[in-house]
Amino acid sequence: MGKPFNPDTSISDNQQRKNWKLLRRSIAVVTLLCALSTALVNYLLQQQFQLQRAQDLQADQLLLDTLHHQTEQKLEQLYDIITSYEGVQQAFSDEAEIPLQQAFDNHWSNMAYDWQLDLIQFYSPANIPLASWSSRPIKALLDSKISAWVNEVNQTLEPVNSVSCVQNCSQYLITPIHFEGLHQGVMVISISLLDGLNQFQLSTKKTVGIITPSLNREASTDLLTYKWGYELYSLTDAGQHEPVLQGFTHLQTPQKGREQIYAATINGRDYTLRLLPLTHSDDSFLIILEDLTAAHAAIINKSVLFALLSFFTFLALQLLLQFSLQRQASRQEHALQLARVERSRPKQATEEHDDDPTHPEITLTNLTDTPLDFDLTSEHVISISDRLDQLKKYNQDINLELAHQMVAVSHERDLVRRILDNTQAIIMTLQKDGSILSINRFGQMITGYSEADLKHKNFIDLYPDNEPFALNSLQNMSSIANGEQESYRHEARLSCKDGKERVILWLHSRLNDKDSNDAPLLSAGLDITEHKQLEKNLGWLADHDSLTSLYNRRRFEEELEDALNWANTHQASGTLLYIDLDNFKDINDSCGHQVGDIILRKVASTLLDITDEIDSSSHLITARLGGDEFAMILRNIDEEGISILCKRVLDSLYQIRHNEENFQFQLSCSIGVASFPGQESNANELLSNADFAMYQAKMFGRNQYYVFQDQDSHREQSHHRLIWREKIESALNEGRFILHYQPILNIKQRTISHYETLIRMKDENDELVSPSVFINIAERIGLIQDIDCFILQSAIQKQAELLRQGHDITLAINLSGKAFDDPKLSENIESAIHKYNAKAENLIFEITETAAVSDIVAAEKVMRKIQSLGCQFALDDFGVGFSSFYYLRELPVEYVKIDGSFVNDLPDNSDNQVLVRALSEVAIGFNKLTVAEFVDSLQTLHLLSESKVNFAQGYFIGKPSEQIPVNPPNFYQAAVNENTAII
């Protein structure tokens, strides 16, 4: 027989099955809710990340546009400078006496170094090449492109801006030349894009480069060339990032002329590659490579954390629900037990009511129907309760999602507002007519006006009254609002509320769609006031001596060349005065460079006062050539005028007095005079004649002047050179050349890092002769290479001796301007290192501009070869001229030495403080170490530390000495004892 039916058991089992079914459903709902909430959070994080990426891309584009505009302006300035040269203008005239190639030869090298030029070419109106200068040979394909550009400009008479990577990625300006209203031909100028790439990389810290169509795709095995058909021209940190770039080659080939963004996972890391078509380019792209692994990982980590929190939250709710169901099941079990008691009453009690119509007959059907009705009612109640819970939960989910969306929108709004307020640019929105709608917080800070002050004012009201761009700006912005042009970029002065003016680089563009009736404009402005001032300061610095404000040697040599050309052209005469202060070294040695600088400034001021007294027709030029040497150039002056001027200079300088520590100095000078034109054929010979005349004045008793005579050129100069040749050769043979060593401090570590070797010469009386006296003479008489050889051999031998004694000391060795003319320079260095068993890593060779200017390519090759031995290089006199920046880019140097003229009065000269910081930042950008010369005070050292200069050298650190202290004393100790904070 089957198991007897038990209604109580059936009801209990049925309820348990329903409870488990309900539990499974609730678990599924919990899991679904966790997944949905996690997906929502991940979506919001992705949206926020994409918004930030879009803002980064917009900022990158603005920076690139700014750099491109600056290069365009630089090319236009170059055109104005080149066409302003008198020799260039004369070369295009009908009465030209000097060919164009010869007229511009004297300017090319300086302009190439100062402006980082790649190429300058001149063409006739008939497309015929007239003259050409280039830093490297021009390939045929580039020459063909230039010819096409020149032909276009000669036909349209409109300038062409272009970027080409056929040979070297450079920006070109091809512009017509007009003199006296006539079209004279075409000029082609180009500047490398590498400087712009470096500036972008330094500003954004992103990997940047250029790819250009390959000319020989079939023969290449390089993936980038073979698959995409592009060559890599330049890439920052190429060794690390070029393999990553190759990993993108499996993606779609770039589409020419369109911006594209690729994403790929390479070696387990997430990268994006942005390709931007170069403006005016021949299908080349600027590439920006970014590693987004960390950003993606942050999003995943946040999503996972939220998922875990959600799961455990819902799990707790589920446990609470399960506890409630168990309590409900217990109550039902209790009801069933009551029902069993009721059914177990005595039968007779039941029979008593058989005849009672109010008591129905109890049957099996009745026994089962009653609890079943109770169970169905319970099920309906539970079903309705579940439905209500679901509706409540659904309503909560909707509210939660809306709350998240509102929070996200609020965050995005706040983020955009914070970005606009904190962006270091003026951000304005304008109406079509130029009236201002809004301005960000930075713009309010720059202008001094609040948003309420500017509301509904016109944009051009911010211009000064004499600003020429005002009307033009309004017209261009109207064209943008009407959809006639995409954007408008320009520089203009801006009047601030406090009356000051700032220089702003503006970029105006349309904010709304072209179909919109309301078309406000977006105007973004970069404050370039300090940049313009720095450009002005650097431009002034290129021509002037920072200590005295007179012309420097480079500008003086240009003026001397111009004066010689003028004299030859106009059959006129002029005079050169070469002024040297007598016994000036004694002042420097006894009182220090700071007092010496005071004297030099007094001399410069006195010479300028004399200059103001001279008739302007003499076109008087006054310059400081270096050290205590000054010079003057005069035109249209006779012998009597020369005599009066020389006596005036001698008397005025003799009146200069200076009291220092109870000592009074009386100054005197010796003047050498050389007239032109004479037998000399160039500026170097004229300078040599004046130098000789100056030494003659010293021989006759000092504080005199001597006029160079034609007969001096054969007899006296030969005698002068023979005397010095004998002195130098005698000193070399008798061992009277000695080395002194000056310590160089590591500012951060507060220890002596290395020593610079300085050459000294003893005369017959064992008195020291300054290098400023014999180095220039040795160069002229051809003995400088013998001195170089002595310095190299002695310094390397000294370093090896110290090494054998257990002292690992590094020496910096000066190389003269003629050192690179020796084809065996690298062999001699290598031989000396092996001969004395020296340590190549402890040798630093210092070079100056004159050491590399003759042949930059050859100098670089020699330096690379010496570096392969383990030696290092330092660039001396950094910052004196723009050529220093060219050398910094082209030459493989590890150190740059900031010229002492910027350092010796650093605490009292705010301009020099700005320049030192700028030079330090430039060196840091090129990953070079900086050394500051002429450090003579604790305050100077403190300012250098604030400017992030790495090393310091000067009398405060230590004076030159014949001996190197193997355990140098802590020079900080004195300051520490006085409770002085040093750094």
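**Figure 1. The largest cavity.** On a 1 Å grid over the protein atoms alone, a cavity is a set of points where a 1.4 Å probe fits but cannot get out, and lining residues have an atom within 4 Å of a point. Grid points are joined across faces, edges and corners, and a volume is the space filled by probe spheres set on the points. This is a predicted model, in which local features need pLDDT of at least 70 and side-chain atom pairs count only at pLDDT 80 or more, while totals for chains, interfaces and linings use all residues. Residues are numbered from 1 along each chain as its sequence is written, and side-chain values use heavy atoms, with hydrogens and water left out. Five cavities of 30 Å³ or more are found in a search of the whole structure, and the largest holds about 80 Å³ of space. Its lining consists of Asp-118, Leu-119, Ser-134, Ser-135, Arg-136, Ile-138, Leu-142, Gln-167, Asn-168, Ser-170, Tyr-172 and Ser-190. Strands β1 (117–123) and β4 (170–179) each contribute at least two residues to this lining; strands (E, at least two residues) and helices (H or I, at least four) are DSSP runs numbered from the N terminus. The lining has four nonpolar, six polar and two charged residues, where Ala, Val, Leu, Ile, Met, Phe, Trp, Tyr, Cys and Pro count as nonpolar, Asp, Glu, Lys and Arg as charged, and the others, Gly among them, as polar.

**Figure 2. The disulfide and other cysteines.** Cys-165 and Cys-169 are joined by a disulfide, with an S to S distance of 1.9 Å. A disulfide is taken as a pair of cysteine sulfur atoms within 2.5 Å, and by this rule the count is one. The torsion about the S-S bond of Cys-165 and Cys-169 is about 115°, so the disulfide is right-handed. Cys-165 is buried at 5% relative accessible area, and Cys-169 is buried at 0%. Cys-669 takes part in no disulfide, and the nearest cysteine sulfur, that of Cys-646, lies 9.0 Å away. Cys-669 is buried at 0% relative accessibility, whereas Cys-789 is partly exposed at 40%. Buried means under 20% relative accessible area, exposed over 50%, and partly exposed in between (1.4 Å probe, protein chains only).

**Figure 3. Surroundings of Ala-524.** Ala-524 belongs to strand β15 (residues 521–527) and is buried, with 12% relative accessibility. Apart from neighbours within four places in sequence, Ala-524 contacts Leu-62, Ile-426, Ile-427, Leu-505, Trp-506 and Leu-507; contact means heavy atoms within 4.5 Å. The C-alpha atoms of Ala-524 and Thr-429 are 8.9 Å apart, although 95 residues separate them along the chain.

**Figure 4. Helix α18.** The 16 residues of helix α18 (residues 639–654) reach 23 Å from first C-alpha to last, close to the expected 22 Å at 1.5 Å a residue. The expected span is 1.5 Å times one less than the number of residues in the helix. Buried residues of α18 are Ile-642, Leu-645, Cys-646, Val-649, Leu-650, Ser-652 and Leu-653. These buried residues pack against β16 (574–581), α17 (593–613), β18 (629–635), β21 (669–676) and β22 (705–707).

**Figure 5. Helix α15 and the residue after it.** The end C-alpha atoms of α15 (residues 553–570) are 25 Å apart, in agreement with the 26 Å that its 18 residues should span at 1.5 Å a residue. Among its buried residues are Arg-554, Arg-555, Glu-559 and Trp-566. Gln-571 follows α15 and has a positive phi, near 55°.

Technical notes:
1 Å grid on protein atoms, 1.4 Å probe; cavity = no way out; pocket = protein on both sides within 12 Å on 5 of 7 lines; lining within 4 Å.
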